[in-house]
Amino acid sequence: MSSTPSESTTSGHDTGKPVGLSVNGHDLLFPPLPYDIHARADKATADKQLLDFVHVATYRKDVTRRQVTSAAFGEKHGDFRELGAAIKQHTLDHLDHYIEKFVDNATAAGVRVHFAQDAAQANAICLDIARRAGAKLCVKSKSMVTEETQLLPQLEAIGVETVETDLGEFILQLDHDAPSHIVTPMIHKNRQSVARAFERELGAPYTEDPQELTQIARAHLREKYRKADLGISGGNFLVAETGSVVICTNEGNGRFCTSAPRVHVAFVGIEKLVPTFEHLGVMLKLLARTSTGQPLTVYTHVMTGPRRAHEHGGPDEMHVILLDNGRTEILKPETREMLRCIRCGACLNACPVYRKVGGHSYGAVYSGPIGALITPMFRGLANYPDLPNASSLCGACYEACPVKINIPKYLIQLRAEMVSKRITKWSDRLVYRMWARSLGRSWTYRLGGWAQKLFFRWQARVAGTLELGDPYRSRGWLNDLPGPAGGWTSQRDMPTPPAKSFRQWWDEQNRP
Amino acid sequence: MKVSLFVTCLTDTFYPRTGIAVVKVLERLGCAVDFPQAQTCCGQPMFNNGFTDEARELARRMVEVFEDSEYVVTPSGSCCAMIHDYYPQLFKDDPAMAERARKLVEKTYEFYQFLLTVVKVDLRSLGAKWSGKVTYHYSCHLRGLGMTDEAVRLIQQIEGVEYVPLPKAEQCCGFGGTFAMKYPQISGTLVRDKVACIRDTRAAAVVSNDAGCTMNISGSCRRENHAVTFLSLAEIIAESLGLMEATAV
């Protein structure tokens, strides 16, 4: 029991291990760079159990999203997405104005607003607040931004025991694991692993009953809320006109974290602003339906300043740390649209690749289609060369996105940047340029097609798979091609062209 | 109605019978079909891999080749989407070219988009007949064209066809052009999922409308020992109208 979070206080330093059970800083989300996706993706696709969880869960969520959005918005769904996109785009186009408004109004409400240029600054601000408050125990609600800044190990290093209170994140923390989905962090885990973690780390009797598991977590966490002197949250939205921070949760843990402890610190990316409450309403309707298929999340918590004199509940101090950490770089006009993201996770659920490889294969805090865009932007394209490329560009993400981020378009844009910055291998650059040249004239195009046909059909003849019959239909099959085509035949057979092309038919008809 | 066929490079070489079927169906519907011989490739492989300059030159060629056409029809959702989604943007620094590209966009149709929106065909009134159990593979690029169940509506107009919906129809087959070769394991896992869904339908034929998807899925069916016939929508329509010999399934 020595490793239970409740007992792991500063004494943990002695063992040389980080205090508590933090998973931030985990190499799952911060692997050595440059990151190559193949090893993890290949392992994930071979893991039948993982495929079962992630594929089934994401597929169901995607189906629910479509049913719920069409039931709620019907024919107007497109208009609604258009509106959501316009609200976010407008705010980003005038971000300086709205940040200023937010800061003025939040400050007037008694909030201390801090600016952090990067992760290190954000963490330093938070540590300073924790030190001044003399904090010993921190309860934390779910936040992707604190994953991004790797806050937890730092808090623990100064002796602040930090407990994740979102059920999924809590389990991940106990199990030394890392989130693999923006909204459903433990989508890759099953009930058995939760039962084992509770048994091992909390000394609870082994049970796989979800109700009992929830009760175990609840009993453990309630005690923490009561004792905590620091509460940390993220923020789903910031409302400029009132200086409010909005968090959406389904477990109510966010409310405890932000109102029970004496000090509340919210970590929020600068892109989370919306101008007014009227706009917030639109965004909340979209967020809940596209992320979890609910009409509204169970708890939508709007916080405007710390506890006022006449109020009984709420923190004495409320801080908002506005984080840049690469966002102003994305704010340039060519990529600004990416910042509309409200982290609903719909693109992950809709993505065929995410369904097959899971979140950890992306080697970053943000996974899935939106992660494939913003991770290279945040952490360098040369560090994540696979992320923009490991996509079939099927467009399911774009269709699912409530704020209409044209993800396939931007994936291609990043690929183009890789070519122009020569991150793309020189051999690839040579092949594509020669290929393009051969397609640039009809005679070289015909010659290329003819040579390909001859080679493929000759190989098929050698392999004994060449079918005879209709010259426009009968073909052969190859199962072991050399070079890059070997990637194809490692998985499936390659059809050869039939004996004659369409052009030959056209010519034989004596058509003009 | 004058229609120019943009056959696409993959259909030309790998699926010539689809091109022939498009010509026969369009002619049966009273269109005068021509085939501009200078056409090659729309530039999609270059564009999708970030070779924008190379793609632009191929796009320029396409705009020139089809400049005089009244309608351009292609049996490929992805090539059609390439023209619609990206051609004007490729020439954003050249307003005159961008305008010519927009004209090409306006007159370019995916084959059955053309049948439904321009010709407004009703296969029932033409006496279309085809016998067998059929499922349909929805290609992802039709999303970009705003198309959903158009092909299914056409298939259901054919008498004798027993149509079975494909489970998880909206999930990509994992082709994605060079993606299939660069990320074989991911692509292979996706296409095997597709084959399992096809197997579940017990259909004798899969109707597909993109040469890339067909190469991928048929190659995987063969590897996984699932015997099923692949037909393009143009082929099944041509066969149902007696314009081509019916495929035995």
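## Helix 18 of chain A

The buried residues of helix 18 of chain A pack against helix 14 (346-350), helix 16 (368-379), helix 17 (396-400) and helix 19 (426-439) of chain A, and also against helix 3 (44-48) and helix 4 (52-65) of chain B. Buried means that 20 or more other C-beta atoms, placed from the backbone, lie within 10 Å of the residue's own, and exposed that 12 or fewer do; packing rests on contacts, in which two C-beta atoms lie within 7 Å. Helices (H or I, at least four residues) and strands (E, at least two) are DSSP runs numbered from the N terminus.

Helix 18 is mostly covered, with 10 of its 14 residues buried. Among them are A:I407, A:Y410, A:L411, A:L414 and A:R415. The helix covers residues 407-420 and reaches 20 Å from first to last C-alpha, close to the 20 Å expected at 1.5 Å a residue, the expected span being 1.5 Å times one less than the number of residues. Just after helix 18, A:R422 takes a positive phi of about 60°.

## The model

This is a predicted model in which local features need pLDDT of at least 70 and side-chain atom pairs count only at pLDDT 80 or more, while totals for chains, interfaces and linings use all residues. Residues are numbered from 1 along each chain as its sequence is written, and chains are lettered from A and ligands numbered from 1 in the order in which they are written.

## Helix 10 of chain A

The buried residues of helix 10 (residues 210-227) of chain A are A:A217, A:H220, A:L221 and A:K224. They lie on the same side of the helix because they cover an arc of only 90° around its axis, taken from the directions from the axis to the C-beta atoms. They pack against strand 2 (137-140), strand 3 (161-164), helix 8 (167-174) and helix 9 (191-202) of chain A. The face turned away from the buried side carries exposed residues, including A:R222, A:E223 and A:R226.

## Chains and core

In chain A, 56 residues are in contact with 56 residues of chain B. The side of chain A that touches chain B divides into 30 nonpolar, 14 polar and 12 charged residues.

The largest nonpolar core (buried Ala, Val, Leu, Ile, Met, Phe, Trp, Tyr and Cys residues joined through C-beta atoms within 7 Å) has 223 residues. A:I407 and B:V73 are among those with the most contacts inside it.

Methods. Ala, Val, Leu, Ile, Met, Phe, Trp, Tyr, Cys and Pro count as nonpolar, Asp, Glu, Lys and Arg as charged, and the others, Gly among them, as polar.
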